[in-house]
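These are my notebook entries on a structure that I had not examined before. I set down what I looked up, entry by entry.

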Amino acid sequence: MGTYLAILTAWTRQKRRWSPSVVALLSLFCSLPAWTASAPHIWFDRPAQQWEGEVLPIGNGAMGAAVQGGVAQETLQYNEKTLWTGGPGAGDAYDYGIPDQSYTDRLARVRKLLREKGALSPETVVKSLGRKAQHYGHYQSFGALQLSYPGLDGAVEDYRRHLDLQDGIASVSFRKDGVQYRREYFVSYPDQVIVMRLSADHPGKISLQAALNVPDNRSVKRQWREAGTRVSGALEDNQLAYAGEFHIEHTGGKLVRAEKKGSWTVEQADSVVIRLSAATGYALQYPDYQGKPPAPKVGAVIAAAVEKKYDALLTRHRADHRALFERVALDLGQSPSDKTTPMLLADYPSNNTPAENRLLEALYFQFGRYLLIASSRDGSLPANLQGVWNHSKTPPWNADYHVNINLQMNYWPAEVTNLSETTGPLFDFVDALVEPGRRSAEQFYGADGWTLFLNTNIWGFVGVIDWPTAFWQPEAGAWLAQHYYEHYLFNRDREFLENRAYPIMQGATEFWLDALVAGPDGEALLVSPSYSPEHGDFTEGAAMSQQLVWDLLNNTRAAALELDERAYAKKLSGVLERLDPGLRVGSWGQLQEWRADLDDPENTHRHVSHLFALHPGRQITAEQEALLAAAKTTLNARGDGGTGWAQAWKVNLWARMKEGNRAHKVLADQLQDSTLPNLWDTHPPFQIDGNFGATAGIAEMLLQSHGETIHLLPALPDAWATGSVSGLRARGDVTVSMAWQDGQLQSADFIVGVDGPVRLRSDLFRENFRVQHLPTRKVVVVSGEGAVRQWSAQAGHRYRVERIVQSDE
C-alpha cells in the first residue's frame, strides 16, 4: 500500500480539492491489506496451446513448474534445478574444460601473431585455443504430473488461467454443467513442495487419474507409497540419481490404486490436495559433485508437508513470498483492465488506453521481480538461461550459465529492487568455481588467481569450447566479481566484504596481474588475446576487455582501502595507472569497440559490449561529457533493435545517459518484438535474462546511485508523468520511496541503514523544499547547492524530502 499512500500524500500536499469523503475513503483504502488492491497478475482465457509462450511459471528457486491448465487432460511439467546430464559421472573424457597439457605456449603464439598482424579471425584463434567440450551436459525436465479428469470433456464456461504475482499462486477456474471448478498451484520455499489443490462448489465433483511421468533418458522405478507414488532412478549418461514423489489427500470420495503401477484414481471427492517434491544426488562441490541419495530426502519432505494442512502450507508460502515481493510497489498511472495479458501485449501500445499501457509496463517490472524470487533462493543453484523452467532434454544453449553477460544480467535487478537475498545462489555458485578456476588460470595462462571463460555448467566447467565466436572471455571472472562488490555497496555488510567478497575479488585480480601484457609502446597494459563478444576479430585490448579489468582492479582497490589493506591498494594503483582503460572516441564520434578505430557506423550488431563502462560499470560518469556523447553516438548507430536481452541492456544504457524517453521507447520495442504472450522474454527462443534486464532498466529510470550521489528520477519518461514507487534500494544501504506529479518529484522518503552522509540529486532542490526527520517532523539541516544536497543521517532513521508549495509557507 506504500505506493497508494505516497500518491495520496503527494496530492493532498498540492491542495487538491478532494471532498472529505473521498479523502476518508482513500485513507481507509490505504490502511487495508495489500490484497484488497488489484494485485499484479498475468491471465489467459484458455489453456496453454504451447509451452514456451503460454505456460504460467511458478517456482521456489530449486523447483519450478509450468501451469498449462488443461481442463480434461492436464500436464503439470516441473523441474528441479540440479537435474543435468554430463559432468564427471558421464565419463573420463569430462575434464571441466581444462586441458591436461599447458596451453601457455599456444597462448604465446597467438599473442605473437596478434602483435604482428593486429587482428586474427575467430576461426584462426579457435584452432589454437579452442577445445571440444566433452560431456558438457544439458539442464533437464524432471517430468510431469499427468492428470486426467473424466467427465470434463467438451466446452466449459468462464475459463480463467491466472498467476497472482503478489502471492506467487497460479489458478485455473471454469464452470461446467453448473459446477464451478477451481485449481490452485504454488511452489513453497518454506516446505519445499509443489502444491496443487482441486475443488468445486458442489460436493463429490472431483474425480481424476494421476500418474508421474519422466522423460526416456533415465532409468525408472515406480513405487506406490501410502496415498502416492515415488519415481526414482538415474540419468543414463552420468548416473545422477533422482527421485520424485507425490501424495494425494482427498476430502470425501475415495482414493484407489489404478491398474498401471504408480497411478492413482480419485472418485467423487469434494476436494483434493496433491503435494509433489523432487531432488537429485547432486551437491555443489568440486570435483565429483556427488551428494546424498535423493529418495530419503524427498520422502522426508513429503512426509513433513503431509503433516501440514493445505491452509497451513498456503499461509507459510504466501507469507514467505510476500515478504520479498511486497517490498517494492510501482504505480505508473495504471488501472485494471479486463483484457487478457496476451491481448494487453498484442494491443500495446496503439490499441491500448494509456492506463493499460502503463499497466503492462508496471506488470512487466514486477514480473521480473517475481521470476527472480521464483528461480533464485538460498540453497539452490542460480537462475540459469531459463531461470528454473525447461521442458526439453536438449534446451537451447543447454539452458546453462553464459558468463559474457547473461548470468550477470539475471541478477541486475536483485539489489536495486530490494531482493538482495536472491543473490545467495549466485555467490555460492561462483565460490564453487574458484578451485577449478585456479586450475584453468594455471593451464591456460600460467597465472595465479582464478578465471573462467564464456560459459559454465553445474559441473564446474571453467575452460573453453570450440565455437569460434563464443568461446573466449577470460574476463568473465572479473564481471562476476563485480556482483560481490555491488552487494557490499548496497548493503554495507563489512563481514561479507571481508570474508566473502574480497577473497573472490582478490583472486580474480591476481589472475589479471599475471595475465596482462605490455602494449606495443611498452607502457600500457593490455588484455591479449582480446575478443569483443560475438563480434569482429580477435585483437589486443578490445574495449570491453580493458573496461572489465579496470572495473575489477578499481573495485578491489576500493575494497582493500576499506579493509585497511593499504599496501595492496597501492600496488593496484600502480597497475591502474598503466592499464589501458578501454575508452577512446573514434573518427565518427563513437566510443570505440576496439583499440584501433575499426567501428562501422552501419553495423547494427546486437552486442554493445564496449559500453560496459557506462552500464553496468561506472567508469563513464555524468561529468565525462565527451565519453557520454560518444556512447550516445554508438547506441544511435547500433539502433534500438536486437534480441530481448540486448534491448534490455539498451534500456539500462539509455537510462544511465538520463534519456528517459529513449529508454522507454526501447522498453516498448522489447515488449512488442521480444516478449511472449506470457511475458517471458524471447531471444528467440525463450531466454529469461531479458526479463531481468528490463526490470533493472525500469528501476534505473527511476533511481540511480552508481556514483557518490543518489539521483532521484534521473530518466523519468514523459509517459510516466505521474506516479510513485516504494522500496527501491540505493547504494549506501538506503531504501527509497518517491511520489511525482507532472514529471516533478513531490516527495521522497529514505530509510538509512548506516550512519553517514546522504547525498541526493534532484531538480526539486532548485525550488522550495524541506528535509524532515520522521516521525518527529524536525527539520534537518542540509548542505550543498543547486540540484545536489546532503545531510548527515543516522542508521535506522527515516527522512523525508518534500516540495513546499506557496500555500505551505
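The entries below go from the overall fold to salt bridges and then to one pocket.

**Entry 1: the whole chain**

I noted at the outset that this is a predicted model. I then looked up the secondary structure and found 20 helices and 32 strands. I checked the radius of gyration next: it is 27 Å, close to the 28 Å that the globule rule gives for 809 residues, so the protein is as compact as a globular protein of that length. Along the principal axes, the C-alpha atoms fill a box of roughly 85 × 80 × 50 Å. I also looked up burial, and 63% of the 809 residues are buried. For contacts between residues at least 6 apart in sequence, I recorded that 70% join residues at least 24 apart.

**Entry 2: salt bridges**

I recalled that side chains of opposite charge can pair when their charged atoms come close. How many salt bridges does the structure hold? I found 46 of them, and I followed up some in detail.

I began with Asp191 and Lys308, whose closest N and O atoms are 3.2 Å apart. This pair links distant parts of the chain, 117 residues apart. Asp191 sits in the loop between strand S8 (179-188) and strand S9 (193-200), and Lys308 in the loop between helix H6 (294-307) and helix H7 (310-325). Is Asp191 buried or exposed? I read a relative accessible area of 8% for Asp191, which is under the 20% limit, so this residue counts as buried. Lys308, at 23% relative accessibility, is partly exposed.

I turned next to Asp640 and Arg662, whose side chains meet in a salt bridge at 3.1 Å, N to O. Asp640 lies in the loop between helix H17 (625-638) and helix H18 (644-656), while Arg662 belongs to helix H19 (residues 660-673); the pair therefore ties together parts that are 22 residues apart in sequence. I noted Asp640 as buried, at 10% relative accessibility, and Arg662 as partly exposed, at 22%.

The third pair I looked up was Glu767 with Arg803, where the closest N and O atoms are 2.5 Å apart. Glu767 is in the loop between strand S27 (756-761) and strand S28 (769-774) and Arg803 is in strand S32 (residues 798-803), so parts that are 36 residues apart in sequence are tied together. Here I found the acidic partner, Glu767, partly exposed with a relative accessible area of 38%, whereas Arg803 is buried at 9%.

I also came upon a network of salt bridges, which links Asp167, Arg318, Arg322 and Glu326.

**Entry 3: the second largest pocket**

I then examined the second largest pocket, which has a volume of about 680 Å³. Its lining consists of 27 residues. Which of them lie nearest the centre? I listed Leu489, Arg492, Gly707, Glu708 and Gly732.

I asked which elements supply this lining, and noted that helix H13 (476-491), helix H15 (543-562) and S27 each give at least two residues. H15 gives the most, with five residues. S27 had already appeared in my notes, as one of the two strands that flank the loop of Glu767. I closed the entry with the composition of the lining: ten nonpolar, nine polar and eight charged residues.

Terms used: Residues numbered from 1 in each chain as written. Heavy atoms only, no water. Salt bridge = Lys/Arg side-chain N within 4 Å of Asp/Glu carboxyl O. Helix = DSSP H or I, 4+ residues; strand = E, 2+ residues; numbered from the N terminus. Buried < 20%, exposed > 50% of the residue type's maximum accessible area, 1.4 Å probe, protein only. 1 Å grid on protein atoms, 1.4 Å probe; cavity = no way out; pocket = protein on both sides within 12 Å on 5 of 7 lines; lining within 4 Å. Points joined across faces, edges and corners; volume = space filled by probe spheres on them. Nonpolar A, V, L, I, M, F, W, Y, C, P; charged D, E, K, R; others polar. Rg over C-alpha atoms; globule rule 2.2 N^0.38 Å. Contact = heavy atoms within 4.5 Å.
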